[in-house]
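Reader: Hey, I'd like to go through this one with you before I set anything up. Can you walk me through it?

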Amino acid sequence: MAAEIVNPRSDSESRNGHQDQESGAEPLDSFDPAFALHRGGKMAVQATVPIRDKDDLSLAYTPGVAKVCSAIAEQPDLVHDYTWKSQVVAVVTDGTAVLGLGDIGPEASLPVMEGKAILFKQFGGVDAVPLALSCTDVDEIVETVVRLAPSFGGVNLEDISAPRCFEIERRLQERLDIPIFHDDQHGTAVVSLAALRNAARLSGRALGELRAVISGAGAAGVAIAKMLVEAGIGDVAVADRKGVVSRDRGDLTPIKAELASFTNKAGLSGTLESALAGADVFIGVSGGTVAESAVASMAEGAFVFAMANPNPEVHPEVAHKYAAVVATGRSDFPNQINNVLAFPGIFAGALQVRASRITEGMKLAAAEALASVVGDDLAADYVIPSPFDERVAPAVTAAVAAAARAEGVARR
């Protein structure tokens, strides 16, 4: 007879509800559906094999498991075939830059990390484990992830503040031979490029004809700038709180100095608003508000991607007065730039071929595949597909796997 499986959420609901009643406090989920949904967490571990009797137990655990362990000890690569390693990702954070909430700490970040994990499964068929670390030192984070790496096929870095996130990703890529991907950087960049490709196609222009201005020189802004340059953008300038990042500024961090070395070919300086004059593209990943007069100064037929949440840098009602295509980070407006369009398929493709890393070519392939899903349905309010479009993950997965093979980082 099969053992009864207890739903951990139901158990948690009854246990936590009892505690609420004992304390006399009104349960938060009695008046807020977000709390009701999160009670007990949003995920659980589920077995993929049955344990119905002693024969099943002897195969799944001792003594049968010893044969598999011994084989892996002799041939380490067998771990990919006989464990879940090749299909599971660690979602790692230190809770210092969470979803616009900022530095709220590892415990408070867990609902977001659980959410990320279920998006991996829902949209890419990839298992993921949230790991919120109680440390913020770069060395400690790197060493912790390196020690955990034997259990995972890839690592998704999440909500780690800049500029530490750049060094953490770089050092992990140097030390580990599995995909390391900081989604706040590269996921945002992939989806932004896909939307921009389609906006350009809609207007009959090539990327090389466009000049873009990015508001924000943090993780997302730097990654978007790099990807646009890789994709062949005509020119791109990035602005931080002090203005346009340019080579003549004496206050640049090493990351921003590098950024200045390959952006802003026009040699712009001054404010974000001044840089927008005549620009074809605005990409906002910083928050704040851009004056309507600055948006009005952009080139005719401009594109405005104002992605700050919950308040876009340019409200869509304002943007539509001057722009041919408008995108935001919000789900209640058309053209949502949502990372869930990218990271599940990118990891699924990388894991499928056991890639040793995620290359620039793989990210560019993901953007091209994502853009192609729109196809002939392209319109001003449809330059990027919905996360619920079932074509998205398979298209991105296939493109990333093919690119990994083409670039020589695939191991099967």
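Author: Sure, and I'll start with a pocket lining. In the second largest pocket, the lining residues split into 19 nonpolar, 4 polar and 2 charged. Keep in mind that this is a predicted model.

Reader: How much space lies in that second largest pocket?

Author: About 890 Å³. There are 25 lining residues, and V45, Q46, A47, T48 and W84 are the closest to the centre of the pocket.

Reader: Which elements give two or more residues to the lining?

Author: Helices α3 (54-60), α4 (64-74) and α6 (106-124), plus strand β2 (127-132).

Reader: OK, what about cavities, how many of 30 Å³ or more does a search of the whole structure find?

Author: Just 1. The largest cavity holds about 60 Å³ of space.

Reader: And what lines the largest cavity?

Author: H80, S86, G153, I178, P179, L351, R354, A355 and R411. By type, that lining divides into 4 nonpolar, 3 polar and 2 charged residues.

Reader: Back to β2 for a sec. Which sheet does β2 sit in?

Author: An open sheet of 4 strands, ordered β2-β1-β3-β4, with parallel pairing. β2 and β4 (180-182) are the edge strands; each has a single partner strand, so one side of each has no neighbour in the sheet. On average, neighbouring strands here are turned by 20° against each other, ignoring direction.

Reader: How many bridges join β1 to β3?

Author: 4 bridges, with β1 (residues 88-93) and β3 running parallel. As one pair to look at, V89 stands opposite G154 in β3.

Reader: Which strands does α6 lie across?

Author: α6 lies across β1, β2 and β3, and runs at about 170° to β2. α6 is also one of the elements that give two or more residues to the second largest pocket's lining.

Reader: Now the 6-strand sheet. What's the order?

Author: β7-β6-β5-β8-β9-β10, again an open sheet, with mixed pairing. At the edges are β7 (243-244) and β10 (323-328); each of them has a single partner strand, so one side of each is left without a neighbour in the sheet.

Reader: Which helix packs on that sheet?

Author: Helix α9 (residues 183-203) does, touching β8 (281-284), β9 (302-306) and β10. The direction of α9 makes about 160° with that of β9.

Reader: And how do β5 and β6 run, parallel or antiparallel?

Author: Parallel: 5 bridges join β5 (residues 211-215) to β6 (residues 235-240). Within that pairing, I214 has V238 in β6 as its bridge partner.

Reader: Switching to backbone checks. I want to get the omegas right, so where is the peptide bond cis going into P63?

Author: The cis bond joins T62 and P63, with omega about 10°. P63 is in the loop between α3 and α4. Another cis peptide bond runs from A162 to P163, and its omega is near 5°. P163 is placed in the loop between β3 (154-157) and α8 (164-175).

Reader: What's phi for D159?

Author: Near 55°, which is a positive value in a residue other than glycine. D159 is found in the loop between β3 and α8, and P163 is in that loop too.

Reader: I'm also curious about K256. Where does K256 lie, and what does K256 touch?

Author: K256 lies in helix α11 (residues 254-262). Leaving out residues up to four places away in sequence, K256 touches A217, D240 and V245. For a distance to check, the C-alpha atoms of K256 and G408 are separated by 31 Å, with their positions 152 residues apart along the chain.

Reader: And L252, where does L252 lie?

Author: In the loop between β7 and α11. L252 touches V245, S246, A257 and A260, again not counting residues up to four places away in sequence. V245 is also touched by K256.

Reader: Last topic, confidence. What's the mean pLDDT of the chain?

Author: 93, and 94% of the residues reach 70 or more. Over residues 1-19, though, the pLDDT is below 50, and that stretch has 14 contacts in the model beyond near neighbours in sequence.

Reader: So how should I read the coordinates where pLDDT is low?

Author: Where pLDDT is low, the predicted coordinates should not be read in detail.

Note on methods: Residues are numbered from 1 along each chain as its sequence is written. This is a predicted model: local features need pLDDT of at least 70, side-chain atom pairs count only at pLDDT 80 or more; totals for chains, interfaces and linings use all residues. Side-chain values use heavy atoms; hydrogens and water are left out. Two strands pair if DSSP finds at least two bridges between them. Contact means heavy atoms within 4.5 Å. Axes are lines fitted to C-alpha atoms, for helices over the stretch in contact, and angles run from 0 to 180 degrees between N-to-C directions. pLDDT is the predictor's confidence in each residue, from 0 to 100. On a 1 Å grid over the protein atoms alone, a cavity is a set of points where a 1.4 Å probe fits but cannot get out, and a pocket is an open set with protein on both sides within 12 Å along at least five of seven lines; lining residues have an atom within 4 Å of a point. Grid points are joined across faces, edges and corners, and a volume is the space filled by probe spheres set on the points. Ala, Val, Leu, Ile, Met, Phe, Trp, Tyr, Cys and Pro count as nonpolar, Asp, Glu, Lys and Arg as charged, and the others, Gly among them, as polar.
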